[in-house]
Structures are given as C-alpha cells and as structure tokens.
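Trainee: I have a model open and a list of labels to check. Can we go through them one by one?
Mentor: Yes. Ask what each label rests on.

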Amino acid sequence: MRKFLIAGNWKMNLLRDSSVALVHGLLDELKGDPNVEVAVCPPSVYLHDVGAALRGSQIALGAQNMYPAEEGAFTGEVSGKMLVDLGCKYVILGHSERRTLMGETDAQVNAKIYAALKCELLPIVCIGETLEQREAGNTSKVVRDQLRGSLAGLTADQMSKVVLAYEPVWAIGTGKTASPAQAEEVHADIRLLLVELFGEATASKTVIQYGGSVKADNAMELLGQPNIDGALVGGASLKAELFLPICLAAQKVKK
Ligand code: PGA
C-alpha cells in the first residue's frame, strides 16, 4: 500500500519567527500516523531553524530547489549535500513557478533528480499543464512529455525513490482546483506511463501527489481518488489551522 505524503510548499513566504511558530503550531496538534507522512518545505534560508524545531518529530523537512552540481563556483546556489547537511529528506524539483519564472527545463530537472538521488535526497518532481494546453486537449501529451524528459534514464530502482506531484498550472494559487475526476484522470494516465517506463511493480509503488489550491474542504475528496497519494500544498500550508485539517483528512482517508 502506498503511504500518503502531505507536503507544505511555503514558497517565498514567512520569516524566521513565523516559520518556527508555524512548526510549533503543527507539532502541538499533529499526531503521527504510519500511513501519512507530513513534510514542510520552507525557504532555504530557514531550513536550519525549521529543521531544529522539527528535530525528533514525525514531520519531515524538505527544500524547494537545489543546484545539480556537488560544489564549486555557483554563486547563490545550494547543493543537495548542503540540504542533507541541514536535515532535509525531500527536495521539490521542477515546480511550475521555477519552470515558468526561471526557465527551468526538463533536462535541468533531470540533472537535479540524479544529483538529489546521489546524496539520498528524495525528489518531489512537479509536472502539470497550463490552461491553454488543457483547453487545446493536450494535457496528457504535455504531462507525459514532461515526465519522459524529467525522468529520462532513471532505473526502476532510482524511480522508486522519486515522488511525483501533478500540479495543473491553472489551479496553482488561483483558488481553482481540478475536480477529483479531472485530477484522477491525469493521475491514472501518469501511472500508466510509469508502467510503460519502469514496470508495474515500480508504478504501483510511486507516490503521486496532487497540487493546486488544495484546502481543508476539497482534500478529502481528492485524496479519496484511487491514484492520488497525497498533496503538495502552497497557500493553505502557511497557517497551522489551514494545513492541519488537510493532514487530518489524509489520515482519515487512509484508515
Ligand atoms: P497552492 O500551491 O496550494 O497555493 O495552489 C500549490 C503549489 O504550488 O505547490
């Protein structure tokens, strides 16, 4: 059975004190559940403080990006090893904001996945179509192309350490959510492609999160879909009272 992963992507929000306060708010209320992993992904400058607040708890730490090289003259960048050094377990790669605003390509995401796996970080690889692409009937093609490019050359064993996050770009930060049926259709299609690329055993074990305006009131129905294995949550991860009900919904669905 696949474990759920509920991850909060804080993006470029909060400051040090509010980051630590948010973690305390989560830890006060959240009970551990062996079937639901919860992670938070703060800005890299707060990984240290958030990691210290999380130490010994059931909540995992993740980063929002990394550079593929191990070390060297890459001003302003952060390596996978550095993230591991700060206690990170996960790293979000290829988020649509990075693809759109920073021009990140599938090839770059691919290089980052290899670099992350090499230092035993678990990548959360994001894919998703724009509204224009959906309306043109190209959702499956776009998502499959992104996956083929981003996951190129991985072995089944390497893929077994990768989490995917399907995030339709039109649903991110817009308040518009894919309906459970729309999301499930794409998740099922992704799993079919994984069978083709990596075989049935790996495909059936891969965690595929949904992301895009996930909130307390839509989490339960989305997470109830057979191929949706968690959520990557932006806006609603910035307040304990918004994020906790999503984690609780996941725990209820997994019972
Ligand atoms: P959102 O962001 O929940 O604010 O839509 C999700 C994401 O970008 O990961």
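Trainee: Where is lysine 11 found?
Mentor: This is a predicted model. In it, lysine 11 sits in the loop between E1 and helix H1 (16–29).

Trainee: What makes the phi of lysine 11 worth a remark?
Mentor: Its sign. Most residues other than glycine have a negative phi. Lysine 11 is not a glycine, yet its phi is positive, about 55 degrees.

Trainee: Which other residue has a positive phi although it is not a glycine?
Mentor: Glutamate 120, at about 65 degrees. It is found in the loop between H5 and strand E5 (122–127).

Trainee: Why is glutamate 120 called buried or exposed?
Mentor: The cut-off for exposed is over 50% relative accessible area. Glutamate 120 has 70%, so it is exposed.

Trainee: Back to lysine 11. What makes its approach to the ligand a polar contact?
Mentor: The cut-off is 3.5 Å between N or O atoms. A polar side-chain atom of lysine 11 lies 2.7 Å from a ligand oxygen. That is within the limit, so the pair counts.

Trainee: Which atoms of histidine 95 and glycine 173 come up to the ligand?
Mentor: For histidine 95, a polar side-chain atom, 2.6 Å from an oxygen of the ligand. For glycine 173, a backbone N or O atom, with 2.6 Å to a ligand oxygen.

Trainee: How do you know how much of the ligand is covered?
Mentor: Start with the ligand taken alone, which exposes 280 Å². The protein buries 96% of that.

Trainee: How many residues surround the ligand, and of what class?
Mentor: There are 13, and the closest are Lys11, His95, Glu167, Gly173 and Ser213. By class, four are nonpolar, seven polar and two charged.

Trainee: Now the charged residues. Why is arginine 2 called buried or exposed?
Mentor: Buried means under 20% relative accessible area. Arginine 2 comes in at 18%, so the label is buried. Its place is the segment before strand E1 (4–9).

Trainee: What does the side chain of arginine 2 reach?
Mentor: The backbone oxygen of serine 204, at 2.7 Å. Leaving out residues up to four places away in sequence, arginine 2 also touches others, including Arg191, Pro226, Asp229 and Lys254.

Trainee: Why does glutamate 104 count as buried?
Mentor: Its relative accessible area is 8%, and the cut-off is under 20%, so the label holds. Glutamate 104 is found in the loop between helix H4 (96–101) and helix H5 (106–118).

Trainee: What makes the pair of glutamate 104 and glycine 94 a polar contact?
Mentor: A polar atom of the glutamate 104 side chain lies 3.5 Å from the backbone nitrogen of glycine 94. The limit is within 3.5 Å, so the pair counts. Beyond four places in sequence, the residues touching glutamate 104 include Asn65, Arg98 and Lys112.

Trainee: How do you know that glutamine 209 is buried?
Mentor: Its relative accessible area is 0%, so it meets the definition of under 20%. Glutamine 209 belongs to strand E7 (residues 208–211).

Trainee: What lies close by a polar side-chain atom of glutamine 209?
Mentor: The backbone oxygen of leucine 5, at 2.9 Å. Past four places in sequence, the contacts of glutamine 209 include Ile6, Tyr166, His187 and Leu232. Its C-alpha is also 5.8 Å from that of isoleucine 228, 19 residues apart along the chain.

Trainee: Why is alanine 63 called buried?
Mentor: Its relative accessible area is 1%, against a cut-off of under 20%, so it is buried. Alanine 63 lies in strand E3 (residues 59–63). Among the residues it touches, beyond four places in sequence, are Cys41, Leu47 and Tyr90.

Trainee: Which residues have the most contacts inside the largest nonpolar core?
Mentor: Ile6, Leu151, Leu164 and Ile190, in a core of 67 residues. Helix H12 (residues 240–253) gives the most to this core, seven residues. Apart from it lies another core, of 13 residues, among them Leu5 and Val207.

Trainee: What is isoleucine 190 in contact with?
Mentor: Neighbours within four places aside, the partners of isoleucine 190 are Ile127, Val143, Leu147, Leu164, Tyr166 and Ile208.

Notes
Residues are numbered from 1 along each chain as its sequence is written. This is a predicted model: local features need pLDDT of at least 70, side-chain atom pairs count only at pLDDT 80 or more; totals for chains, interfaces and linings use all residues. Side-chain values use heavy atoms; hydrogens and water are left out. A residue is near a molecule or strand if one of its heavy atoms lies within 4 Å of it. A polar contact is a pair of N or O atoms within 3.5 Å; within protein, one must be able to donate a hydrogen and the other to accept it, and residues adjacent in sequence count only if both atoms are side-chain atoms. Accessible areas come from the Shrake-Rupley method with a 1.4 Å probe; for residues, only the protein chains shown count as cover. Ala, Val, Leu, Ile, Met, Phe, Trp, Tyr, Cys and Pro count as nonpolar, Asp, Glu, Lys and Arg as charged, and the others, Gly among them, as polar. A nonpolar core is a set of buried Ala, Val, Leu, Ile, Met, Phe, Trp, Tyr and Cys residues joined through side-chain atoms within 4.5 Å. Buried means under 20% relative accessible area, exposed over 50%, partly exposed in between (1.4 Å probe, protein chains only). Helices (H or I, at least four residues) and strands (E, at least two) are DSSP runs, numbered from the N terminus. Contact means heavy atoms within 4.5 Å.
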